[in-house]
Structure formats: C-alpha cells, structure tokens
Amino acid sequence: MTAPREDPPLLGASAPAGAAAPTPGGPIARSLRFWLILLVVVLACVYLLRSVLLPFVAGMAVAYLLDPVCDRLEKWKLSRTWATTIVTIAFLLICVIILLILVPAIISQIATLIERAPVYLSAIQREIGELIAMLKDRLPPETLNRLRDALGGSADRLVSWLTQLLGGVISGGVAFFNFIALLVITPVVAFYLLRDWDRIVDQADDVLPRRHLQTIRGLAREVDQTLAGFLRGQGLVCVILAVFYAVGLTLAGLDFGLVVGLIAGSLSFIPYVGSLVGLFLSVGLALVQFDSFVDVAIVAAVFFVGQAVEGNFLTPKLVGEKVGLHPVWVMFALLAGGALFGFVGVLLAVPVAAIVGVGVRFAVGQYRLSHLYTGEDGPPGAEQLPADVQEAGPDDKA
C-alpha cells in the first residue's frame, strides 16, 4: 500500500521543523513547466493552422453566443438536439434575410463608388489646387512646390492603393475559398458544438487538476461573465449604431451612407475606431458631394450624436462597467491578435483578453494576501488562501 500523498503547504505557511526546503525541481516548478509548454504548443498550432481555423473559430463563437438560447428551450422540455436544430435554423434564416436585404444595396453603392471615383479624384485635385492658391502668397516658392508634389502624390498613391485593394479582393482565390468555407463549414461546426456544448464543458471539467478545481471553476465563471457581457452587449451596441449611422447618413443625403454607416457600426466594437473611421469617410465624401457646409455639418452631426448616445446610454446599459475590459486593453489585444494570427487572431483577441484580464486580477488579489505585500510573516499558517482556493473534493461540481 502506497503512502498517502502530502499536499504542499499553503501560501505563507512555514515548513515543518526539520523538513527540507522545496527544490527548484519540485511540484510547483514541474506544474509551471507543464503549463508553459502546453501554452507554447497551443500558440504554435494556432499560428501554423491560422489559414484554416477561421470557420472553426467562427463556429465556436456562434455556438457560444447561442448556447443560452438552447438552454432556455431545454427548460421548455425540448431535447438538446431539437433545441439546437431550431436555434441554428432560425439563426441562418435571420442571416440570409439580412444578406438578401443589404447585399444588393451594398453592391450597388460600391459599384457607383467605383464608377464615380474619377470624378471624386478630380474634385480632390481641384480642392488641392484651391488650397495651394490660397497659400501662394504666404509660403516661399520652394515650400509651395514641395506641398504641391506631396499632396498630388498622396492622391495618386491613394487611388493606386484602392485599385490594388479591389483587384486583390476580386482576384484573391484564397479569400474566395475562405469565404465559401465560412458559409458552408461554420454552420455545421456551430450546430455540432452547440448540440454537444454541455458535454464538452463536462469533459473539460473532468480533466482539471483536482487540487485547484474550485479555483479554476471560479476563474472560468468570471471569464464567462466577462466575455458574455462584452460580446453580447457590444454586439448589440454595434448593431444599433450600424442601423443608426446607415439611416442617419442616408436621410442626410449622402450617396454612400448605407455602406459608410455599416462600416462604422461594424467597427464600433473597437473603442472610438468605428466612429472616427465613419466620421472621416462620411465628411470626406460630403465635402466632394455637397456645395454647402450646412450639409457637411449635418453629416458630421450624425456621428457626434451617435457617439454621445453610445457613451452615455448604450454602453453603460448594454455592456456596463462590470465587464472589466478596458478600451485600451481591447484595442491592444485586437491589434496584437491581427498582427500575429491574422483575422483568426482578431476573433480570438477578445476571449484571450478576457482570460488574461481575469488572471491578472486574480494574481493581484493573491499578491495582496501574501507577505510580499503586507510585509508581515506572521505565525505559521496565519496567512490563508481564499476559500475557493482550498482543495476541492473529487465529487464537487460547479
């Protein structure tokens, strides 16, 4: 019969008299080494497979967002399979209806924009000429020539960049196949993950380290609350702002108000980016389209009103401060994820930011309980971990 395993002492507790000090190769070091190796392997797999992960990550996101709806249907005595089928079909029908309504209008406006691009370029060059004429008597000839070359070169580079971008989108076979995979594979992945969501969660719970089971469960619940609050709340904010901007710019008479409004609303999950991008695009188009500055001011006012409504009503009510994701942290996570892993990294950025944020808050809380913060050693065993860090029994369930 083997001897019973002895648990390592709690944080801050002194070792028994005569006991050997923990060695660098002890249980804690081995655990840290194991989790660090696992993290590196996961990051390497995501990086190597980033070109094919998009439909699977998107399907996982859809399943996560729709799981509460399936849980509600299960409470109404429906089986999980029937609940998943109903929710998936309803979600696909809503997406198809939205696409059928919006896609023709968006394609029409994009085609019109491409057709009018030379006219807009001429208008921009005319505005540049008027600006240079205004500055002609105020700047030296050398400075004026450099300014003319810089402004003219910037306009030419902008048109060249837009042409290359459109050409890449049209001729990009990889992007086309990724789009097809997104449309075909994502619903299938979402259906199976949604159907087996509770089983997957239970299986993940079964492989958690038993000693810190309650701690991990508590952190997982906090991550879930943070992530759900941000994604569902911010998603609703984006939809409301997209509708508001699109309708407002269209009523203001802007030719491409629908496209600009949808772009601004879709980018609103990045703090301040959506409104700023929409403001610059819409005001730039308005300056070319309208002769009156009153019309330009009306277009700009749409975004100022939208930003005020978002900051004072939508975000506090729908997202709230309890989410715990600072706007700067969200922007950094999105940029870092996109730079490292492409669009897949953008999709994974917010969940990873939520996990890191919860982990940092937990680590700070543990640090405040330790003698490193208090500076008091105290008697052996005087400093205890929180209750949820105590060892859980093998039969405990969240």
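Are Tyr64 and Trp197 buried or exposed? I looked this up first in the predicted model, and I found both Tyr64 and Trp197 buried.

**Entry: aromatic pairs**

I counted the ring pairs and obtained 5 for the structure. I then examined the pair formed by Tyr64 and Trp197, which is tilted, with 6.1 Å centre to centre and 55° between the planes. I placed Tyr64 in helix α2 (residues 54-75) and Trp197 in helix α6 (residues 197-206), so this pair ties together parts that lie 133 residues apart in sequence.

I next looked at Phe191 and Tyr192, whose rings are arranged edge-to-face at 5.4 Å centre to centre, with 80° between the planes. For Tyr192 I noted a relative accessible area of 44%, which makes Tyr192 partly exposed.

I also recorded a cluster in which ring pairs link Phe244, Tyr245 and Phe303.

I returned to Tyr64 to ask which charged residue sits over its ring. I found the charged end of Arg232 there, 5.3 Å from the ring centre.

**Entry: nonpolar cores**

Which residues have the most contacts inside the largest nonpolar core? I listed Val87, Leu194, Leu325, Leu334 and Val350, within a core of 25 residues. I traced the contributing helices: α2, α3 (80-135), α5 (173-195), α7 and α11 (327-369) each supply at least two residues. I noted that α11 gives the largest share of this core, 7 residues.

I followed Leu325 further, setting aside its neighbours within four places in sequence. I found Leu325 in contact with Thr226, Phe230, Val330, Val350, Ala353 and Ala354.

Apart from this core I located another, of 21 residues, with Val237, Ala286, Phe290 and Val299 among them.

**Entry: Thr226**

I took up Thr226 as one of the contacts of Leu325. I placed Thr226 in helix α7 (residues 213-251), and I noted that it is buried, with a relative accessible area of 3%. Which backbone oxygen does the side chain of Thr226 reach? I identified that of Glu222, at 2.9 Å.

**Entry: cysteines**

How many disulfides does the count come to? I obtained 0 disulfides. I kept in mind that a disulfide is a covalent bond between the sulfur atoms of two cysteines. I looked up the accessibility of two cysteines for the record. I entered Cys45 as partly exposed, at 41% relative accessibility, and Cys238 as buried, at 11%.

**Entry: Val277**

I found Val277 in helix α9 (residues 273-289). With a relative accessible area of 29%, I entered Val277 as partly exposed. I then checked Val277 against Gly265: the two are 12 residues apart in sequence and 9.9 Å apart in space, C-alpha to C-alpha.

**Entry: backbone at Lys77**

I turned to the loop between α2 and α3, where Lys77 has its place. Is Lys77 buried or exposed? I recorded Lys77 as exposed, at 76% relative accessibility. I noted a positive phi of about 75° for Lys77, although this residue is not a glycine. For context I wrote down that most residues other than glycine have a negative phi.

Conventions
Residues are numbered from 1 along each chain as its sequence is written. This is a predicted model: local features need pLDDT of at least 70, side-chain atom pairs count only at pLDDT 80 or more; totals for chains, interfaces and linings use all residues. Side-chain values use heavy atoms; hydrogens and water are left out. Rings of Phe, Tyr and Trp (its six-membered ring) pair if their centres lie within 6.5 Å; planes under 30 degrees apart count as stacked, over 60 as edge-to-face and the rest as tilted. Helices (H or I, at least four residues) and strands (E, at least two) are DSSP runs, numbered from the N terminus. Buried means under 20% relative accessible area, exposed over 50%, partly exposed in between (1.4 Å probe, protein chains only). A charge sits over a ring if NZ of Lys or CZ of Arg is within 6 Å of the ring centre and within 35 degrees of the ring normal. A polar contact is a pair of N or O atoms within 3.5 Å; within protein, one must be able to donate a hydrogen and the other to accept it, and residues adjacent in sequence count only if both atoms are side-chain atoms. A disulfide is a pair of cysteine sulfur atoms within 2.5 Å. A nonpolar core is a set of buried Ala, Val, Leu, Ile, Met, Phe, Trp, Tyr and Cys residues joined through side-chain atoms within 4.5 Å. Contact means heavy atoms within 4.5 Å.
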